[in-house]
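Please describe how one strand sits among its neighbours in the structure below, and then turn to the aromatic rings and to one residue of a helix.

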Amino acid sequence: MLHSIVIPCYKSSQTIRKMVEMTAAELQNLGISQFEFILVDDYSPDGGATLSELKRLAEDYPYVQAISLAKNSGQHNAVMAGLNYASGERIIAMDDDMQTHPSQLRYLLEEIEKGYDIVYGYYPQKKHSAFRNFGSFMNYLTVRVLIGKPKDMKTSSYWVIRRFVRDYVIQYQSPYTHLQGLFLRTTRNISCIPIQHFDREVGESGYTFKKLLQLWSNIMGYSVVPLRMATYCGYFFSILSILGAAFVAIRKLLVPSMAIGWPSMMCAICFFSGIIMLFMGLIGEYLGRMFLGMNRQPQFVIREIYRQADLPQKKSDSQAERTQPLPKQGTSAGSQQ
């Protein structure tokens, strides 16, 4: 059975080789001899260092396929690019920073053998920063409310899925990808198991506040709950205003000398105007995403794909002395598997 390992890469020139070699060794220790790596360079801003390392891996190992994106698309869209080119019966997603450690892979594969469609590894103790952990907590609460995520389901970027899940997920064409939402739309036969979270070996997380906010907002594409909230708020404030008007009228009848306050009226106007603008913006966000979807804005743009079979073969030292090395070339992503 072929296993596909999809790894989105972002400024990972110092860790990706170790990640690939350790994962390959772990798979072989588990008795898995058929596997492939789909490494997706998400337009890393490191002067081409990450892409160069991916190309060298593709040259060194026949089971490595390196994909170069033409622009930064975000982690979830980069994983979607890898899923489109994965051909295994089981697809494994990992990070490039050694935090999703290869030594924990055996636990996910043992769990999916029990018949689950998706298995997540989650971390009882995370090695992220306090800011990143807070963002993960808010995302957890949001997903529970908006798309009905089970209370006991814990997730991470380390997971294994079956091929039919992949086949359904890649049908999604919108650029606003949220893999957890897509998985929950596909199946509820999902398990999660505790695994160890390792320290990042090099650098720091590429997730800024802006990127976390963008990822969080993508969940809106899988739920109409925010739009229904506008209706509920409309009901609530309408009833509140009726009760308030009745209260003021009764007080005016009981105390004719009572003055109606101009400041309180202005505060009420500003408050309700803010509520109206908030939900107009929310509706506009939905309409804008529909517009971009109709215009077929791409999830990702693939510049080149590198495989050992398509790259120039390495020469011996004696051959290298007699001839100049051939330029490296890659195949374009004209069609998907």
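The report that follows takes up a strand and its pairing partners, then a group of aromatic side chains, and lastly a single leucine.

**A covered strand**

The model discussed here is predicted. Strand S3, which spans residues 64-69, is mostly covered, since 6 of its 6 residues are buried. This holds for both of its faces: Val64, Ala66 and Ser68 are buried on one side, and Gln65, Ile67 and Leu69 are buried on the other. Between S2 and S3 the chain passes through helix H2 (residues 49-60), and the β-α-β crossover made in this way is right-handed.

The pairings of S3 with S2 and with S8 are set out in the table.

| Partner of S3 | Residues of partner | Bridges | Direction |
|---|---|---|---|
| S2 | 35-41 | 5 bridges | parallel |
| S8 | 302-307 | 5 bridges | antiparallel |

Individual residues can be placed within these pairings: Phe37 stands opposite Val64 in S3, while Ile67 of S3 stands opposite Ile305 in S8.

**Aromatic rings**

The count of aromatic pairs in the model comes to 6. One of them is formed by Phe37 and Tyr63, whose rings lie 5.8 Å apart centre to centre with 45° between their planes, so that the pair is classed as tilted, a class that takes in angles neither under 30 degrees nor over 60. This pair links distant parts of the chain, with Phe37 in strand S2 and Tyr63 in the loop between H2 and S3, 26 residues apart. Ring pairs also link Phe35, Phe37, Tyr61 and Tyr63 into a cluster.

Is Phe37 itself buried or exposed? Phe37 counts as buried because its relative accessibility is 0%, and the cut-off for burial is under 20% relative accessible area. The residue that stands opposite Val64 in S3 is therefore a buried one, and Phe37 also belongs to the ring cluster.

**Leu105 in helix H4**

Leu105 lies in helix H4, which covers residues 105-112. With a relative accessible area of 0%, Leu105 is buried. Which residues does Leu105 contact, once its neighbours within four places in sequence are left aside? On that basis Leu105 is in contact with Thr23, Leu27, Ile92 and Tyr158. A separate value concerns Val160, which is 55 residues from Leu105 along the chain: the C-alpha atoms of Leu105 and Val160 are separated by 9.2 Å.

Key
Residues numbered from 1 in each chain as written. Predicted model: local features only at pLDDT ≥ 70, side-chain atom pairs only at ≥ 80, totals over all residues. Heavy atoms only, no water. Buried < 20%, exposed > 50% of the residue type's maximum accessible area, 1.4 Å probe, protein only. Helix = DSSP H or I, 4+ residues; strand = E, 2+ residues; numbered from the N terminus. Pairing = 2+ DSSP bridges. Right-handed = clockwise from strand over helix to strand, strands pointing away. Phe/Tyr/Trp six-rings, centres within 6.5 Å; stacked < 30°, edge-to-face > 60°. Contact = heavy atoms within 4.5 Å.
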